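Biologist: Could you take me on a close look at one part of this model, the nonpolar patch on its surface, and at what surrounds that part? I would enjoy a connected walk through it.

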Amino acid sequence: MTNRLSLTEIHQSLADLSGWKLDGKFIVKKYRFQEFLKGVAFVNEIAQLSEEKNHHPFIAIDYKLVTLRLTSWNAGGLTDLDVALAKNYDAIYDKCN
């Protein structure tokens, strides 16, 4: 199990992430797409990576807007895995959009 990050570590990690915000025990980001199906393709890639890592975000698709929320339930908050996946999700977005 990965250890939960301290509030200081969370804020340091967020400084390295573009557009991610702290919301309680979650980090959250909204991604906008030019086309609905590009957003769905993004979600499919997110789902594949999440399944490989066995760490799954909350995903909301609102037409051309995809919202991701990450936390580590077993750790009771955010971990390095959440931060690493957030970076990977951003890279997938850059490729899909």
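Modeller: Gladly! One definition to start with: a residue counts as buried under 20% relative accessible area, as exposed over 50%, and as partly exposed in between. Please keep in mind that this is a predicted model.

Let us begin with isoleucine 61, a residue of strand S3. Its relative accessible area is 38%, so isoleucine 61 falls into the partly exposed class. This residue belongs to a nonpolar surface patch together with Phe36, Leu37, Ile59 and Tyr63, and the accessible area of the five adds up to about 510 Å². Two elements, helix H2 (36-53) and strand S3 (58-62), each contribute at least two residues to the patch.

Now for the sheet that holds S3. It is an open sheet of 4 strands, ordered S1-S2-S4-S3 and paired in antiparallel fashion. S3 and strand S1 (21-23) are the edge strands; each has a single partner, so one side of each has no neighbour in the sheet. On average, neighbouring strands here are turned by 25° against each other, with direction ignored.

The partner of interest to us is strand S4, residues 65-70, which runs antiparallel to S3 and is joined to it by 5 bridges. Across this pairing, isoleucine 61 faces valine 66 of S4.

Next, the loops on either side of S3. Tyrosine 63, our patch member from the loop between S3 and S4, has a positive phi of about 55° although it is not a glycine. With a relative accessibility of 57%, tyrosine 63 is classed as exposed, because the cut-off for that class is over 50%. In the loop between H2 and S3 sits asparagine 54, another non-glycine residue with a positive phi, again about 55°. Asparagine 54 has a relative accessible area of 61%, so this residue is exposed too.

Finally, two helices lie across strands of the sheet. Helix H1 (residues 7-15) lies across S1 and strand S2 (26-32), and runs at about 145° to S1. Helix H3 (residues 80-96) lies across S2 and S4, with an angle of about 0° to S2.

To come back to your patch: isoleucine 61 is a partly exposed member, tyrosine 63 is an exposed one, and S3, one of the two elements that supply at least two residues each, stands at an edge of the sheet.

Notes. Residues are numbered from 1 along each chain as its sequence is written. This is a predicted model: local features need pLDDT of at least 70, side-chain atom pairs count only at pLDDT 80 or more; totals for chains, interfaces and linings use all residues. Side-chain values use heavy atoms; hydrogens and water are left out. Patches are made of residues with over 30% relative accessible area and no salt bridge: like charges are joined within 9 Å, nonpolar side chains (Val, Leu, Ile, Met, Phe, Trp, Tyr) within 5 Å. Accessible areas come from the Shrake-Rupley method with a 1.4 Å probe; for residues, only the protein chains shown count as cover. A salt bridge is a side-chain nitrogen of Lys or Arg within 4 Å of a carboxyl oxygen of Asp or Glu. Buried means under 20% relative accessible area, exposed over 50%, partly exposed in between (1.4 Å probe, protein chains only). Two strands pair if DSSP finds at least two bridges between them. Axes are lines fitted to C-alpha atoms, for helices over the stretch in contact, and angles run from 0 to 180 degrees between N-to-C directions. Contact means heavy atoms within 4.5 Å.
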